[in-house]
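Trainee: I have a model open on my screen and would like to learn how to read its helix packing and its aromatic pairs. Could you walk me through it?

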Amino acid sequence: MLFFVGSLILSTFLDTYSIKLIPILATLFVFGRIAFWIGYLKEPIERAFGLGVTLYPTIAVLIYDAYRVLFVNS
């Protein structure tokens, strides 16, 4: 849910040249979820890689969105 909301907000700030970041982030998210699932099936502790691949870009997008909303567009 956070990734979806963050991507929607991010898409309103990007220009036509950098909008290609959205499919890259979506692919990274899907790859991370698959890695999380595979790691969880093998050993629950091995899901950390998939969690990191999913979590860190999502947090970065949300921080950038908050920065743009709070400081740039005010």
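Mentor: Happily! Let's begin with two helices, H1 and H3, which are oblique to each other. Keep in mind that this is a predicted model.

Trainee: What crossing angle do the axes of H1 and H3 make?

Mentor: An angle is called oblique when it falls outside the parallel, antiparallel and perpendicular ranges, and roughly parallel would need under 35 degrees. Here the axes of helix H1 (residues 2–13) and H3 cross at roughly 45° and come within 9 Å. The crossing is left-handed.

Trainee: Which residues in H1 meet H3?

Mentor: On the H1 side you will find Leu2, Phe3, Gly6, Ser7, Ile9, Leu10 and Phe13. Their partners in H3 are Thr58, Val61, Leu62, Tyr64, Asp65, Arg68 and Val69. Sorted by class, this contact of H1 with H3 holds nine nonpolar, three polar and two charged residues.

Trainee: Now the other helix pair. How do the axes of H2 and H3 cross?

Mentor: Helix H2 (residues 21–42) and helix H3 (residues 48–72) have axes that cross at roughly 150° and come within 6 Å. The cut-off for roughly antiparallel is over 145 degrees, so H2 is roughly antiparallel to H3. H2 passes H3 in a left-handed crossing.

Trainee: Which residues make up that contact between H2 and H3?

Mentor: From H2 come Leu25, Leu28, Phe29, Phe31, Gly32, Arg33, Ala35 and Phe36. They meet Phe49, Gly50, Leu51, Val53, Thr54, Pro57, Thr58 and Val61 in H3. The contact of H2 with H3 divides into 11 nonpolar, four polar and one charged residue.

Trainee: Let's zoom in on phenylalanine 29. Where does this residue lie, and what does it touch?

Mentor: Phenylalanine 29 belongs to helix H2. Leaving aside residues up to four places away in sequence, phenylalanine 29 touches Phe3, Thr54 and Thr58. A useful habit is to set sequence separation beside distance in space. Phenylalanine 29 and leucine 2 are 27 residues apart in sequence, and their C-alpha atoms are 11 Å apart.

Trainee: Is phenylalanine 29 buried or exposed?

Mentor: Somewhere in between! Buried requires under 20% relative accessible area and exposed requires over 50%. Phenylalanine 29 comes out at 24%, so this residue is partly exposed. Phenylalanine 3, with 17%, is buried.

Trainee: And the aromatic side chains: how many aromatic pairs are there?

Mentor: The count comes to four aromatic pairs. One of them joins phenylalanine 3 and phenylalanine 29, whose ring centres are 4.4 Å apart with planes at 10°, so the pair is stacked. Phenylalanine 3 sits in helix H1 and phenylalanine 29 in helix H2, so this pair ties together parts 26 residues apart in sequence.

Trainee: What about the rings of phenylalanine 36 and tyrosine 40?

Mentor: Those two rings have centres 6.4 Å apart and planes at 10°, so they too form a stacked pair. Phenylalanine 36 and tyrosine 40 are four residues apart in helix H2, which means about one helical turn separates them. Tyrosine 40 is partly exposed, with a relative accessible area of 43%.

Trainee: One last residue, for practice: in which helix is alanine 60 found, and how accessible is alanine 60?

Mentor: Alanine 60 is part of helix H3. Its relative accessible area is 43%, so alanine 60 is partly exposed. The C-alpha atoms of alanine 60 and leucine 21 are separated by 13 Å, with these positions 39 residues apart along the chain counted as their separation.

Note on methods:
Residues are numbered from 1 along each chain as its sequence is written. This is a predicted model: local features need pLDDT of at least 70, side-chain atom pairs count only at pLDDT 80 or more; totals for chains, interfaces and linings use all residues. Side-chain values use heavy atoms; hydrogens and water are left out. Axes are lines fitted to C-alpha atoms, for helices over the stretch in contact, and angles run from 0 to 180 degrees between N-to-C directions. Angles under 35 degrees count as roughly parallel, over 145 as roughly antiparallel, 65 to 115 as roughly perpendicular and the rest as oblique. A crossing is left-handed if the near helix is turned anticlockwise from the far one by less than a right angle, and right-handed if clockwise. Contact means heavy atoms within 4.5 Å. Ala, Val, Leu, Ile, Met, Phe, Trp, Tyr, Cys and Pro count as nonpolar, Asp, Glu, Lys and Arg as charged, and the others, Gly among them, as polar. Buried means under 20% relative accessible area, exposed over 50%, partly exposed in between (1.4 Å probe, protein chains only). Rings of Phe, Tyr and Trp (its six-membered ring) pair if their centres lie within 6.5 Å; planes under 30 degrees apart count as stacked, over 60 as edge-to-face and the rest as tilted.
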